[in-house]
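Got your viewer open? Load up the model, give it a slow spin, and let's take a walk through it together.

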Amino acid sequence: MKKRLYTALIIPVTALALACDVDKEVYTPVDFEVRLNPGNTYLVGEDVQFDFVGDANFIVLYNGTTGHEYRFHERTEVALEDMEYCRLEITGSRRTGAKAGVTFWVSDQFAGIKGGSATDLSNLAADKATIDAMVASGMDGWEGVPFDNEPATGTSFTLTYDISHLASNFSLGMHWNPAYAPPSPSQSGYWINPVIRTKFKGYEEQEYQYRHTEIQVLAMPTERALDAYDIMISSDKPGYVRMPPTGNNQFVMTGIGGSGTDLGYQIDTWVLNTPLALNRIASDKGENIKGYSTNLSFYRVRYWEPGTYTATFVATNGNYVGESRVIRELTFTVVEPI
(Lines give C-alpha, C1' and ligand atoms only; values in the text may rest on other atoms or scores of the structure.)
Protein backbone atom coordinates (compact mmCIF):
# COMPACT_ATOMS: atom_id res chain seq x y z
CA MET A 1 0.00 0.00 0.00
CA LYS A 2 1.12 3.64 -0.51
CA LYS A 3 1.54 6.38 2.05
CA ARG A 4 2.26 10.01 1.34
CA LEU A 5 4.89 11.57 3.60
CA TYR A 6 4.45 15.35 4.15
CA THR A 7 7.48 17.40 5.16
CA ALA A 8 7.36 21.08 6.26
CA LEU A 9 10.43 23.16 5.39
CA ILE A 10 10.84 26.37 7.49
CA ILE A 11 12.92 29.22 6.01
CA PRO A 12 13.69 31.75 8.81
CA VAL A 13 15.03 34.50 6.51
CA THR A 14 11.69 35.18 4.93
CA ALA A 15 9.59 33.67 7.70
CA LEU A 16 7.70 31.85 5.00
CA ALA A 17 6.54 28.32 5.58
CA LEU A 18 6.56 26.33 2.38
CA ALA A 19 4.95 22.88 2.25
CA CYS A 20 6.62 20.37 0.01
CA ASP A 21 4.77 17.21 -0.96
CA VAL A 22 7.40 14.52 -1.24
CA ASP A 23 5.82 11.35 -2.69
CA LYS A 24 7.68 8.31 -1.46
CA GLU A 25 6.53 4.73 -2.01
CA VAL A 26 6.77 2.57 1.10
CA TYR A 27 5.16 -0.67 2.09
CA THR A 28 2.79 -1.01 5.03
CA PRO A 29 3.06 -4.10 7.25
CA VAL A 30 0.17 -6.32 6.29
CA ASP A 31 -2.89 -6.29 8.55
CA PHE A 32 -5.06 -9.24 7.62
CA GLU A 33 -7.34 -11.74 9.35
CA VAL A 34 -9.82 -14.23 7.98
CA ARG A 35 -12.88 -15.80 9.60
CA LEU A 36 -15.45 -18.39 8.63
CA ASN A 37 -18.82 -16.81 7.93
CA PRO A 38 -21.41 -17.75 10.59
CA GLY A 39 -23.92 -18.65 7.88
CA ASN A 40 -21.82 -21.44 6.37
CA THR A 41 -23.60 -24.81 6.19
CA TYR A 42 -20.45 -26.86 5.35
CA LEU A 43 -22.43 -29.09 3.02
CA VAL A 44 -20.99 -30.68 -0.12
CA GLY A 45 -21.63 -28.47 -3.13
CA GLU A 46 -22.54 -25.35 -1.12
CA ASP A 47 -20.44 -22.22 -0.66
CA VAL A 48 -18.03 -21.89 2.22
CA GLN A 49 -17.53 -18.16 2.74
CA PHE A 50 -14.37 -16.68 4.19
CA ASP A 51 -14.68 -13.13 5.56
CA PHE A 52 -11.66 -10.84 5.56
CA VAL A 53 -10.69 -8.24 8.14
CA GLY A 54 -8.02 -5.69 7.33
CA ASP A 55 -6.39 -5.46 3.94
CA ALA A 56 -3.53 -6.87 1.93
CA ASN A 57 -2.11 -6.00 -1.47
CA PHE A 58 -2.08 -9.63 -2.57
CA ILE A 59 -3.82 -12.79 -1.34
CA VAL A 60 -3.13 -16.36 -2.45
CA LEU A 61 -5.52 -19.13 -1.39
CA TYR A 62 -4.65 -22.80 -0.94
CA ASN A 63 -8.16 -24.22 -0.56
CA GLY A 64 -7.08 -27.52 1.02
CA THR A 65 -8.17 -29.84 -1.78
CA THR A 66 -5.77 -32.34 -3.36
CA GLY A 67 -3.06 -30.46 -5.23
CA HIS A 68 -3.87 -27.22 -3.40
CA GLU A 69 -2.57 -27.74 0.14
CA TYR A 70 -0.17 -25.19 1.55
CA ARG A 71 1.73 -27.83 3.52
CA PHE A 72 2.82 -29.29 0.16
CA HIS A 73 3.63 -26.02 -1.62
CA GLU A 74 7.34 -26.88 -1.65
CA ARG A 75 7.02 -30.65 -2.02
CA THR A 76 8.62 -32.14 -5.12
CA GLU A 77 8.17 -35.86 -4.49
CA VAL A 78 5.67 -38.29 -2.99
CA ALA A 79 6.59 -41.23 -0.75
CA LEU A 80 6.91 -44.42 -2.77
CA GLU A 81 4.53 -46.17 -0.39
CA ASP A 82 1.82 -43.73 -1.53
CA MET A 83 2.16 -44.93 -5.12
CA GLU A 84 -0.93 -46.88 -6.18
CA TYR A 85 0.61 -48.00 -9.45
CA CYS A 86 3.42 -47.24 -11.85
CA ARG A 87 3.48 -48.94 -15.21
CA LEU A 88 5.22 -48.76 -18.54
CA GLU A 89 3.10 -48.91 -21.69
CA ILE A 90 4.78 -49.35 -25.06
CA THR A 91 2.76 -49.16 -28.25
CA GLY A 92 4.18 -49.42 -31.72
CA SER A 93 4.44 -51.40 -34.92
CA ARG A 94 7.10 -52.98 -37.10
CA ARG A 95 7.34 -51.16 -40.41
CA THR A 96 9.89 -53.28 -42.29
CA GLY A 97 11.79 -56.54 -41.98
CA ALA A 98 11.53 -59.63 -39.82
CA LYS A 99 10.41 -60.04 -36.22
CA ALA A 100 12.55 -59.66 -33.09
CA GLY A 101 14.36 -56.56 -34.25
CA VAL A 102 13.92 -54.65 -30.98
CA THR A 103 13.92 -55.56 -27.29
CA PHE A 104 12.94 -53.55 -24.22
CA TRP A 105 14.70 -53.55 -20.84
CA VAL A 106 13.98 -51.83 -17.51
CA SER A 107 16.18 -51.29 -14.45
CA ASP A 108 16.69 -49.34 -11.25
CA GLN A 109 20.42 -50.11 -11.12
CA PHE A 110 21.68 -48.51 -14.32
CA ALA A 111 23.91 -45.48 -13.76
CA GLY A 112 23.43 -44.11 -17.26
CA ILE A 113 25.90 -43.25 -19.98
CA LYS A 114 27.72 -39.96 -20.27
CA GLY A 115 26.53 -39.22 -23.79
CA GLY A 116 27.82 -36.84 -26.41
CA SER A 117 27.10 -35.33 -29.79
CA ALA A 118 28.48 -35.06 -33.30
CA THR A 119 30.91 -32.43 -32.05
CA ASP A 120 31.76 -34.13 -28.76
CA LEU A 121 32.82 -37.78 -28.94
CA SER A 122 35.03 -37.67 -25.84
CA ASN A 123 32.80 -40.13 -23.94
CA LEU A 124 32.26 -42.58 -26.80
CA ALA A 125 34.83 -45.19 -25.79
CA ALA A 126 33.65 -45.20 -22.16
CA ASP A 127 29.97 -45.34 -23.16
CA LYS A 128 30.56 -48.25 -25.53
CA ALA A 129 32.46 -50.07 -22.80
CA THR A 130 29.51 -49.56 -20.45
CA ILE A 131 27.12 -51.10 -22.99
CA ASP A 132 29.50 -53.95 -23.86
CA ALA A 133 29.86 -54.86 -20.18
CA MET A 134 26.08 -54.67 -19.71
CA VAL A 135 25.44 -57.05 -22.60
CA ALA A 136 28.29 -59.38 -21.65
CA SER A 137 26.78 -59.78 -18.17
CA GLY A 138 23.57 -61.09 -19.69
CA MET A 139 21.85 -57.78 -18.82
CA ASP A 140 22.47 -58.27 -15.12
CA GLY A 141 20.38 -55.79 -13.13
CA TRP A 142 17.88 -55.39 -15.96
CA GLU A 143 14.49 -56.98 -16.54
CA GLY A 144 13.33 -57.83 -20.03
CA VAL A 145 9.85 -56.66 -21.00
CA PRO A 146 8.15 -59.72 -22.55
CA PHE A 147 7.68 -59.32 -26.31
CA ASP A 148 7.20 -62.90 -27.47
CA ASN A 149 4.16 -62.45 -29.70
CA GLU A 150 5.27 -59.72 -32.05
CA PRO A 151 2.54 -59.24 -34.68
CA ALA A 152 2.93 -59.01 -38.43
CA THR A 153 4.47 -56.03 -40.18
CA GLY A 154 2.19 -53.00 -40.00
CA THR A 155 0.13 -54.39 -37.12
CA SER A 156 0.15 -52.42 -33.88
CA PHE A 157 1.21 -53.94 -30.57
CA THR A 158 0.86 -52.86 -26.94
CA LEU A 159 3.10 -53.97 -24.08
CA THR A 160 2.30 -53.24 -20.42
CA TYR A 161 4.78 -53.81 -17.59
CA ASP A 162 4.65 -53.02 -13.87
CA ILE A 163 7.63 -50.83 -12.90
CA SER A 164 6.49 -49.73 -9.43
CA HIS A 165 9.39 -51.65 -7.83
CA LEU A 166 11.82 -49.71 -10.05
CA ALA A 167 10.28 -46.27 -9.56
CA SER A 168 13.02 -44.77 -7.37
CA ASN A 169 15.68 -44.85 -10.13
CA PHE A 170 14.01 -45.89 -13.37
CA SER A 171 15.70 -46.55 -16.70
CA LEU A 172 14.29 -47.91 -19.94
CA GLY A 173 16.63 -49.33 -22.55
CA MET A 174 15.41 -49.98 -26.09
CA HIS A 175 17.83 -52.15 -28.07
CA TRP A 176 17.36 -51.94 -31.83
CA ASN A 177 19.36 -54.84 -33.24
CA PRO A 178 17.54 -56.45 -36.19
CA ALA A 179 18.67 -59.54 -38.05
CA TYR A 180 20.97 -58.87 -41.02
CA ALA A 181 21.69 -61.57 -43.61
CA PRO A 182 23.55 -60.29 -46.70
CA PRO A 183 23.12 -60.18 -49.60
CA SER A 184 19.63 -59.10 -48.50
CA PRO A 185 19.80 -55.52 -47.22
CA SER A 186 16.66 -55.96 -45.09
CA GLN A 187 16.76 -54.81 -41.45
CA SER A 188 13.67 -54.27 -39.32
CA GLY A 189 12.35 -50.79 -38.60
CA TYR A 190 9.84 -49.71 -35.95
CA TRP A 191 7.59 -46.96 -34.71
CA ILE A 192 7.76 -46.94 -30.90
CA ASN A 193 5.75 -44.93 -28.37
CA PRO A 194 6.68 -45.56 -24.68
CA VAL A 195 4.55 -43.95 -21.96
CA ILE A 196 4.91 -44.14 -18.16
CA ARG A 197 1.74 -43.88 -16.07
CA THR A 198 1.84 -43.23 -12.32
CA LYS A 199 -0.94 -42.83 -9.77
CA PHE A 200 -0.47 -41.59 -6.20
CA LYS A 201 -3.04 -41.72 -3.43
CA GLY A 202 -5.37 -38.74 -3.69
CA TYR A 203 -3.98 -37.60 -7.05
CA GLU A 204 -5.00 -38.00 -10.66
CA GLU A 205 -2.97 -40.27 -12.91
CA GLN A 206 0.15 -38.69 -14.35
CA GLU A 207 1.51 -39.53 -17.79
CA TYR A 208 5.12 -39.16 -18.90
CA GLN A 209 6.07 -39.47 -22.54
CA TYR A 210 9.46 -41.14 -22.70
CA ARG A 211 10.82 -38.56 -25.16
CA HIS A 212 10.40 -35.88 -22.48
CA THR A 213 13.01 -37.56 -20.30
CA GLU A 214 16.73 -37.05 -20.88
CA ILE A 215 17.43 -39.37 -23.83
CA GLN A 216 20.71 -40.64 -25.22
CA VAL A 217 21.01 -42.67 -28.43
CA LEU A 218 24.18 -44.71 -28.91
CA ALA A 219 24.99 -46.57 -32.13
CA MET A 220 27.55 -49.30 -31.46
CA PRO A 221 28.91 -50.21 -34.96
CA THR A 222 32.34 -48.86 -35.86
CA GLU A 223 30.78 -47.59 -39.12
CA ARG A 224 28.87 -45.10 -36.96
CA ALA A 225 31.89 -43.94 -34.94
CA LEU A 226 31.63 -40.33 -36.14
CA ASP A 227 27.88 -39.98 -35.53
CA ALA A 228 27.23 -42.55 -32.82
CA TYR A 229 25.09 -40.14 -30.78
CA ASP A 230 23.10 -38.69 -33.68
CA ILE A 231 19.31 -38.41 -33.40
CA MET A 232 17.30 -37.45 -36.47
CA ILE A 233 14.58 -34.85 -35.90
CA SER A 234 12.81 -33.81 -39.10
CA SER A 235 13.58 -36.56 -41.61
CA ASP A 236 14.15 -40.30 -41.67
CA LYS A 237 17.49 -41.87 -42.49
CA PRO A 238 17.97 -45.65 -42.84
CA GLY A 239 19.74 -47.11 -39.83
CA TYR A 240 19.09 -44.06 -37.62
CA VAL A 241 16.62 -43.19 -34.85
CA ARG A 242 14.37 -40.19 -35.38
CA MET A 243 12.75 -38.53 -32.38
CA PRO A 244 9.94 -36.20 -33.56
CA PRO A 245 9.13 -33.42 -31.07
CA THR A 246 5.38 -34.07 -31.45
CA GLY A 247 3.05 -36.83 -32.61
CA ASN A 248 2.18 -40.31 -31.42
CA ASN A 249 5.35 -42.01 -32.64
CA GLN A 250 8.00 -40.80 -30.22
CA PHE A 251 10.73 -42.90 -31.82
CA VAL A 252 11.05 -43.84 -35.47
CA MET A 253 13.67 -46.55 -36.04
CA THR A 254 14.14 -46.39 -39.80
CA GLY A 255 14.91 -49.83 -41.18
CA ILE A 256 15.73 -51.05 -44.66
CA GLY A 257 13.36 -52.98 -46.90
CA GLY A 258 14.33 -55.91 -49.10
CA SER A 259 14.78 -53.63 -52.11
CA GLY A 260 16.57 -50.88 -50.19
CA THR A 261 20.19 -49.85 -50.19
CA ASP A 262 22.41 -52.09 -48.08
CA LEU A 263 23.91 -50.30 -45.09
CA GLY A 264 26.86 -52.68 -45.10
CA TYR A 265 26.65 -53.30 -41.36
CA GLN A 266 24.16 -54.60 -38.80
CA ILE A 267 22.17 -52.00 -36.89
CA ASP A 268 23.02 -52.12 -33.18
CA THR A 269 21.62 -49.04 -31.44
CA TRP A 270 20.57 -48.34 -27.85
CA VAL A 271 18.04 -45.72 -26.76
CA LEU A 272 18.47 -44.97 -23.05
CA ASN A 273 17.25 -42.40 -20.56
CA THR A 274 19.15 -40.82 -17.73
CA PRO A 275 17.82 -42.60 -14.60
CA LEU A 276 14.91 -40.74 -13.03
CA ALA A 277 12.73 -40.93 -9.94
CA LEU A 278 9.11 -41.55 -10.88
CA ASN A 279 7.78 -40.40 -7.51
CA ARG A 280 8.44 -36.78 -8.36
CA ILE A 281 5.39 -34.55 -8.48
CA ALA A 282 4.55 -30.92 -9.07
CA SER A 283 4.32 -28.78 -5.94
CA ASP A 284 0.82 -27.90 -4.75
CA LYS A 285 -0.44 -24.63 -6.20
CA GLY A 286 -2.40 -21.75 -4.74
CA GLU A 287 -4.89 -19.44 -6.45
CA ASN A 288 -4.26 -15.72 -6.70
CA ILE A 289 -7.57 -14.27 -5.48
CA LYS A 290 -6.57 -10.63 -4.92
CA GLY A 291 -4.24 -8.23 -6.64
CA TYR A 292 -3.02 -4.76 -5.75
CA SER A 293 -5.93 -2.83 -7.22
CA THR A 294 -8.71 -5.22 -6.14
CA ASN A 295 -10.99 -4.71 -3.18
CA LEU A 296 -12.02 -7.97 -1.56
CA SER A 297 -13.95 -8.39 1.69
CA PHE A 298 -14.85 -12.08 1.35
CA TYR A 299 -14.26 -15.11 -0.84
CA ARG A 300 -16.34 -18.24 -1.46
CA VAL A 301 -15.28 -21.79 -2.30
CA ARG A 302 -17.36 -24.89 -3.03
CA TYR A 303 -16.13 -28.30 -1.91
CA TRP A 304 -17.42 -31.28 -3.84
CA GLU A 305 -16.19 -34.10 -1.61
CA PRO A 306 -16.86 -34.63 2.12
CA GLY A 307 -13.85 -34.34 4.38
CA THR A 308 -11.79 -32.10 6.62
CA TYR A 309 -10.04 -29.24 4.83
CA THR A 310 -7.48 -26.65 5.85
CA ALA A 311 -7.78 -23.44 3.83
CA THR A 312 -4.61 -21.35 3.90
CA PHE A 313 -4.44 -17.68 2.97
CA VAL A 314 -1.05 -16.11 2.21
CA ALA A 315 -1.47 -12.32 2.46
CA THR A 316 1.31 -10.00 1.32
CA ASN A 317 2.13 -6.30 1.18
CA GLY A 318 5.29 -5.19 -0.49
CA ASN A 319 7.28 -3.48 -3.19
CA TYR A 320 10.96 -2.89 -3.95
CA VAL A 321 11.42 -1.44 -0.45
CA GLY A 322 10.44 -4.63 1.33
CA GLU A 323 7.74 -7.18 1.99
CA SER A 324 5.40 -8.10 4.83
CA ARG A 325 3.57 -11.44 4.83
CA VAL A 326 1.16 -13.29 7.10
CA ILE A 327 -0.30 -16.77 6.78
CA ARG A 328 -3.77 -17.54 8.11
CA GLU A 329 -5.25 -21.05 8.27
CA LEU A 330 -8.77 -22.27 8.97
CA THR A 331 -9.77 -25.95 9.34
CA PHE A 332 -13.33 -27.17 8.91
CA THR A 333 -15.28 -30.29 7.93
CA VAL A 334 -17.60 -30.59 4.92
CA VAL A 335 -20.32 -33.25 5.08
CA GLU A 336 -22.93 -34.76 2.77
CA PRO A 337 -26.43 -33.28 2.99
CA ILE A 338 -28.76 -35.38 5.12
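Our opening stop in this predicted model is a pair of residues facing each other across two strands. Select Phe 58 and Thr 316: Phe 58 stands opposite Thr 316, which sits in strand E19. Now widen the selection to residues 58-62, which make up strand E5, and residues 307-319, which make up E19. These two strands run antiparallel and are paired over 5 bridges. Which residue in E19 is the bridge partner of Tyr 62? Click on Thr 312 and you've found it.

**Across to the next strand**

Keep E19 on screen and add residues 322-334, which form strand E20. E19 and E20 are also antiparallel, and their pairing covers 13 bridges. For a pair to highlight here, try Phe 313, which stands opposite Arg 328 in E20. Then look at how you get from E19 to E20: a hairpin of 2 residues makes the link. While you have strands on display, remember that in a regular strand the side chains alternate between the two faces of the sheet.

**The whole sheet**

Add residues 287-290, strand E17, to what you already have. You should now be looking at an open sheet of 4 strands, in the order E17-E5-E19-E20, with antiparallel pairing. Which strands stand at the edges? They are E17 and E20; each has a single partner strand, so one side of each is left without a neighbour in the sheet. Try to catch the turn between neighbouring strands as well: on average it is 25°, ignoring direction.

**Charged pairs**

Time to switch on side chains. Side chains of opposite charge can pair when their charged atoms come close. Searching the whole structure turns up 15 salt bridges, so let's visit a few. Select Glu 69 and Arg 71, whose side chains form a salt bridge with N and O 2.9 Å apart. Is each partner buried or exposed? Glu 69 counts as buried because its relative accessibility is 18%, under the 20% cut-off. Arg 71, at 62%, counts as exposed.

Next, jump to Arg 197, which is buried at 19% relative accessibility. Arg 197 makes a salt bridge with Glu 205, with 3.5 Å between the closest N and O atoms. Glu 205 is partly exposed, at 33% relative accessible area. Arg 197 also makes a salt bridge with Glu 207, and here the closest N and O atoms are 2.6 Å apart. Glu 207 lies in strand E12 (residues 206-209) and Arg 197 in strand E11 (residues 189-200), so this pair ties together parts that are 10 residues apart in sequence. Glu 207 is partly exposed too, with 44% relative accessible area. Now add Arg 87 and Glu 89 to your selection: through shared partners, salt bridges join Arg 87, Glu 89, Arg 197, Glu 205 and Glu 207 into one network.

**Zoom out**

Clear your selections and show the whole protein, which has 1 helix and 20 strands. Its radius of gyration is 31 Å, well over the 20 Å that the globule rule gives for 338 residues, so the protein is more spread out than a compact globule. Rotate it to see the C-alpha trace span about 110 × 75 × 35 Å along its principal axes.

Try colouring by burial to finish: 42% of the 338 residues count as buried. The accessible surface comes to about 18,000 Å², and 51% of it belongs to carbon and sulfur atoms.

Terms used: Residues numbered from 1 in each chain as written. Predicted model: local features only at pLDDT ≥ 70, side-chain atom pairs only at ≥ 80, totals over all residues. Heavy atoms only, no water. Pairing = 2+ DSSP bridges. Salt bridge = Lys/Arg side-chain N within 4 Å of Asp/Glu carboxyl O. Buried < 20%, exposed > 50% of the residue type's maximum accessible area, 1.4 Å probe, protein only. Rg over C-alpha atoms; globule rule 2.2 N^0.38 Å. Areas by Shrake-Rupley, 256 points an atom, 1.4 Å probe, with all protein chains shown as cover. Axes fitted to C-alpha atoms, helices over the stretch in contact; angles between N-to-C directions.
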